[in-house]
Amino acid sequence: MAERLRSRLLGRSGELRRPAGAGLVAGAALVAAAFVWALWTGLAGAAAPAKAPGAAQAPPQGIRVEDPWARPAKAMGGHADASMGMTSAIFLTLVNDSGTTRYLVAAKSDVADAVELHETRIVDNVMKMQPVARIEVPAKGRAQLKPGGYHIMLLGLRRTLAQGDRFQATLVFDDGSELAVDVPVEMR
Amino acid sequence: MGKLTMQRLRTSWRIWIVAALVVIAGAASAVGWFLTRPRAPSFRGAAVNPPYPAPDFTLVDQRGEPFRFSSLRGKVVALYFGYTFCPDACPGTLLNFRQARQLLGSQADRVQFVFVSVDPERDSPERIREYLSNFDPSFLGLTGKPAEVTPVLRQYGVVAEKVYVEGSSAGYLMNHTASVYLIDPNGMMRVMVFYGQRAEDLAHDIRQLL
């Protein structure tokens, strides 16, 4: 972690070295200090979910999850593969407090044979669902995964998700960082 | 001369009284008609105009028994075409069904919510039974052999396209019509309720048909 922090700081000050002047140097110092502070508070804030099982990687900086939930669904035993199992979907809002755009690129969970990012679109009253490679979480912005839009699809449920249940899922971002999420099963 | 003027005045006064009575009677009957006029039901979905008989068919229900659609005559039918592998739009619509049923209260006894599979290859009766049990045990689920289901979809003008998705564990997904069809107790197709409309809208339009 210290190495990663050092390389990030060097990278930042390296960018700022090009224009000369004492003001800029002071500015760079200020930016560096702010960065260290942001990193420190970000890490402190994310310390709890980082300990959760399943998230072996570092948590993403400045990204948090709001209001996760999944649809109830019954598992059917004996399905040959994920394509013949039952499905469910996780919905949530990703909030990016950082100044860097992040992308959700994958998700993991033990409750299903496969977990994919999907998008539902309604075109001329026809429902179309398709996988997406990534979901953008804009800098200082948010990404909503909600019914009729983006969702995390669970394919081939290994266990029944009943209303009131909770399960673990892990979100994977484009920088390799991972965020563990505790997902309640809700009928809504 | 004076007598004649008085007579004329009295005559015109009578005429005015009669005219006023005629106007009042006319206005009253207009108001009466307005209040009791035969009203066309107003729907929140799109009215099917003119209504047409909903095509009859026989498929297999979630218990594995043959089910003839026209046996639902006498009830309002909310008909939805979907598939059990669908984790988002279909559960959303079935949840609307469940909420609409609750909103209808005791009137719900005269309504049948029906789910017809657009994916008969995957959707066995058992699978549909498990799927629907997430929502409401009163829902009717219908499926069959692909050769039996396809003509039903065609008769109802339902889009159902199989889309193979590379790199997905889904194998294939279905593009399908997302609207709900409302059929009145006489078996006439009356309303299309669109995806995104609320359970309140669905319950409202069902009440118009009861």
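A salt bridge, as I use the term here, is a side-chain nitrogen of Lys or Arg within 4 Å of a carboxyl oxygen of Asp or Glu. I needed that before looking at anything charged in this model, which is a predicted one.

**Entry 1: the salt bridge.** I searched the interface of chain A and chain B and found one salt bridge. Its partners are Arg71(A) and Asp88(B). I read 3.5 Å between their closest N and O atoms; the pair counts because the cut-off is 4 Å.

**Entry 2: the interface as a whole.** I then looked up how much of each chain takes part. On chain A, 35 residues are in contact with chain B, and 35 residues of chain B are on the other side of these contacts. The two chains bury about 2,700 Å² between them. Of that area, 62% is on carbon and sulfur atoms. I also looked up polar contacts across the interface of chain A and chain B, and noted 15 residue pairs, both residues at pLDDT 80 or more.

**Entry 3: the chain A side.** Which elements of chain A give two or more residues to the side that touches chain B? I listed β2 (87–96), β4 (112–123), β5 (126–131) and β8 (150–157). β5(A) gives the most, with six residues. By residue type, I noted 18 nonpolar, eleven polar and six charged on this side of chain A.

**Entry 4: a strand pair between chains.** I followed β5(A) further. Two bridges join β5(A) to β8 of chain B, residues 172–177, and the two strands run antiparallel. In this pairing I found Met127(A) opposite His176(B).

**Entry 5: strand pairs within chain A.** I turned to β3 of chain A, residues 102–108, and looked up what it is joined to. Three bridges link β3(A) to β6(A), residues 135–137, in antiparallel fashion. There, Leu104(A) stands opposite Ile135(A). Four bridges link β3(A) to β9(A), residues 166–173, and this pair is antiparallel too. Here I noted Ala106(A) opposite Val172(A).

**Entry 6: confidence in chain A.** I checked pLDDT last. Chain A averages 81, and 70% of its residues score at least 70. Where in chain A does pLDDT stay under 50? I wrote down residues 5–20, for which the model has ten contacts beyond four places in sequence. I also wrote down residues 42–55, for which the model has 14 such contacts. Where pLDDT is low, the predicted coordinates should not be read in detail, so I left those coordinates alone.

Note on methods: Residues are numbered from 1 along each chain as its sequence is written. Chains are lettered from A and ligands numbered from 1 in the order in which they are written. Side-chain values use heavy atoms; hydrogens and water are left out. Contact means heavy atoms within 4.5 Å. Buried area is the accessible area (1.4 Å probe) that two parts lose on being put together, summed over both. A polar contact is a pair of N or O atoms within 3.5 Å; within protein, one must be able to donate a hydrogen and the other to accept it, and residues adjacent in sequence count only if both atoms are side-chain atoms. Ala, Val, Leu, Ile, Met, Phe, Trp, Tyr, Cys and Pro count as nonpolar, Asp, Glu, Lys and Arg as charged, and the others, Gly among them, as polar. Two strands pair if DSSP finds at least two bridges between them. pLDDT is the predictor's confidence in each residue, from 0 to 100.
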